[in-house]
Amino acid sequence: MNLPSSTATSTSESPDTAAGAISPETCGGCKSQDSWVIHSARLRGILRFYCTHCLLRNHPASFCPTCFAFYDSSPPHQSRRVSCNDCNSVTHIHCAGDAKSPPYRCPPCRDPDGFSFFRPIVDENGARCMDKALSEAFLCAAKIAASSMSKAVTFFRSEAERKGKDAAVAKKRAREALEDVLKLDEKAKLAVSKPSENRDQKPKQSPASNGGLKQIESSAATAQVKKQSSSVVQVKQEK
Ligand SMILES: [Zn+2]
Ligand SMILES: [Zn+2]
Ligand SMILES: [Zn+2]
């Protein structure tokens, strides 16, 4: 099976991808922009985009790394599986072959630098193609991505419903608060429109009015006089 060339072959990085931002054209694992298909998945609460190899590598417990059976939340029974000592991937015991003696390591953990789940074959014309094994790996990755996005839809739907309920409660509270304000405003208007009993009385003088000022001035004068008389006494004593 021939694969179409990747839609994103440019090697120039946009500021977003250069800064490590999540982009649907760049694999979030190996940063490849030439991965034919980018799968989307929600991992640890964040929407991410991965090439086929990196998607499989980031979901070790979701499939058998040898036959690419997708477990769909029900891995094989403990008696019929073997877990990888390094990444906790789950392999059918019959797929592990001679390697199942502990400590078992899955194929990518046995060769972390050289192994790839999905390395398309390049034919003599330079076209990339897939054999049966690669198509099984690709199909498995697509199933994992579909399952992950389906769970994400369920999660975001319940989030939207919860936020909708919160918004309705907030709206009700805001309306009640507005009604209270209108009632208080009504009361204030009524109080202003009533004729005041003490309207014609002269306003009381504040301490800062003339009376208070005079008092302050006189006490300052007394203090000045006291100071002067004490200095006179002091001069007399010196004599
Ligand atoms: Zn990748
Ligand atoms: Zn298997
Ligand atoms: Zn492993």
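**Figure 1. Arg44 in the loop between strands E1 and E2.** Arg44 sits in the loop that runs between E1 and strand E2 (46-50) of this predicted model. The phi angle of Arg44 is near 50°, a positive value in a residue other than glycine. With a relative accessible area of 68%, Arg44 is exposed, because the class begins over 50%.

**Figure 2. Asp72 in the loop between helix H2 and strand E3.** The loop shown connects H2 with strand E3 (81-83), and Asp72 is found within this loop. Asp72 is not a glycine, yet its phi is positive, at about 50°. The relative accessibility of Asp72 is 46%, and the residue therefore counts as partly exposed.

**Figure 3. The site of the zinc ion (ligand 1), with four cysteine donors.** The SG atoms of Cys27, Cys30, Cys51 and Cys54 are the protein donors of the zinc ion (ligand 1), at 2.2 to 2.3 Å from the metal. Angles of 101 to 117° are subtended by the four donor atoms, and the arrangement is therefore tetrahedral. Along the chain, the donors of this zinc ion (ligand 1) follow the spacing C-x2-C-x20-C-x2-C. Within this set, Cys30 and Cys54 link distant parts of the chain, 24 residues apart: Cys30 belongs to the loop between helix H1 (15-18) and strand E1 (39-43), whereas Cys54 belongs to helix H2 (residues 52-57). Cys30 is partly exposed, at 44% relative accessibility, while Cys54 is buried, with a relative accessible area of 8%.

**Figure 4. The site of the zinc ion (ligand 3), with four cysteine donors.** Coordination of the zinc ion (ligand 3) is provided by the SG atoms of Cys84, Cys87, Cys106 and Cys109, at 2.2 to 2.3 Å. The arrangement around the zinc ion (ligand 3) is tetrahedral because its four donor atoms subtend angles of 107 to 115°. For reference, the ideal angle for four tetrahedral donors is 109.5 degrees. The donor spacing of the zinc ion (ligand 3) along the chain is C-x2-C-x18-C-x2-C. Cys84 is placed in the loop between E3 and strand E4 (90-92), and Cys106 in the loop between helix H3 (93-96) and helix H4 (107-110), so this pair ties together parts that are 22 residues apart in sequence. Cys84 is buried, with 2% relative accessible area, and Cys106 counts as buried at 1% relative accessibility.

Note on methods
Residues numbered from 1 in each chain as written. Chains lettered and ligands numbered in written order. Predicted model: local features only at pLDDT ≥ 70, side-chain atom pairs only at ≥ 80, totals over all residues. Heavy atoms only, no water. Donors = N, O, S within 2.8 Å, 3.2 Å for Na, K, Ca; no water. Tetrahedral: all angles 85-135°; square planar, octahedral: opposite > 155°, others 65-115°. Helix = DSSP H or I, 4+ residues; strand = E, 2+ residues; numbered from the N terminus. Buried < 20%, exposed > 50% of the residue type's maximum accessible area, 1.4 Å probe, protein only.
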